[in-house]
Amino acid sequence: MEIRLDDNYFMKQALIEAHKAYESGEVPVGAVVVVDQKIIARAHNLTERLTDVTAHAEMQAITSAANFLNGKYLKGCTIYVTLEPCVMCLGALYWSQLSRIVFGASDPKRGFLQANLSPHPKTTVEKGVMEKEASDLLNTFFRSKRK
């Protein structure tokens with residue numbers, strides 16, 4: 001019997017990555033890339049550690065997945081990310097030609113939806129998967145920074 005893992009399972013894996021970011025003082029965003037029910041890349045924000053504004057979880061995951069597949073296109077892959085991708089990350093996701101983008105929390109200030117941008121025409125988007133868990137982690141992080 002084949003066990004089919006669902007969006008919640010993979011988003012939990014992205015949340016594990018987000019917790020790693022949180023523990024190291026990074027904005028807690030995590031991502032995993034999946035193909036054929038297998039995680040091929042795991043990443044979290046590294047902007048502080050690398051002093052690189054482009055070191056978002058999605059960017060790290062795209063690079064890792066492309067290296068794993070030995071190619072620049074991620075057709076047939078799904079990225080699970082705990083926060084709605086920003087405009088920069090959507091551009092990279094667009095060019096990588098992922099089949100699906102699944103995200104947890106919306107980002108009404110910097111997310112691609114508020115900018116009225118669309119992913120690649122062959123990419124579908126699913127939003128709100130484990131939104132509460134992702135939002136709670138982000139809110140806890142930013143509350144601790146405002147003290």
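This passage describes aromatic ring pairs, a charge placed over a ring, and the surroundings of one helical serine in a predicted model.

Across the whole structure, a search identifies 6 aromatic pairs. One of these joins Tyr-9 and Phe-10, whose ring centres are separated by 5.1 Å and whose planes meet at 80°, so that the arrangement is classed as edge-to-face, given that plane angles over 60 degrees fall in that category. The two partners are not equally accessible to the probe, since Phe-10 is buried at a relative accessibility of 1%, whereas Tyr-9 is partly exposed, with a value of 33%. Ring pairs further connect Tyr-9 and Phe-10 with Tyr-80, and these residues together make up a cluster.

An edge-to-face pair is also formed by Phe-141 and Phe-142, with 5.1 Å between the ring centres and an angle of 80° between the planes. Within this pair, Phe-141 is buried, having a relative accessible area of 5%, while Phe-142, with a relative accessible area of 32%, is partly exposed.

A charge placed over a ring is found at Tyr-73, where Lys-75 lies over the ring face at 5.5 Å from the ring centre.

Ser-64 belongs to helix 2, which spans residues 57-69, and is partly exposed, its relative accessibility being 30%. When neighbours within four places in sequence are set aside, the contacts of Ser-64 are with Ile-40 and Ala-41. Of these contacts, Ile-40 is 24 residues away from Ser-64 in sequence, and the C-alpha atoms of Ser-64 and Ile-40 are 7.8 Å apart in space.

Key:
Residues are numbered from 1 along each chain as its sequence is written. This is a predicted model: local features need pLDDT of at least 70, side-chain atom pairs count only at pLDDT 80 or more; totals for chains, interfaces and linings use all residues. Side-chain values use heavy atoms; hydrogens and water are left out. Rings of Phe, Tyr and Trp (its six-membered ring) pair if their centres lie within 6.5 Å; planes under 30 degrees apart count as stacked, over 60 as edge-to-face and the rest as tilted. Buried means under 20% relative accessible area, exposed over 50%, partly exposed in between (1.4 Å probe, protein chains only). A charge sits over a ring if NZ of Lys or CZ of Arg is within 6 Å of the ring centre and within 35 degrees of the ring normal. Helices (H or I, at least four residues) and strands (E, at least two) are DSSP runs, numbered from the N terminus. Contact means heavy atoms within 4.5 Å.
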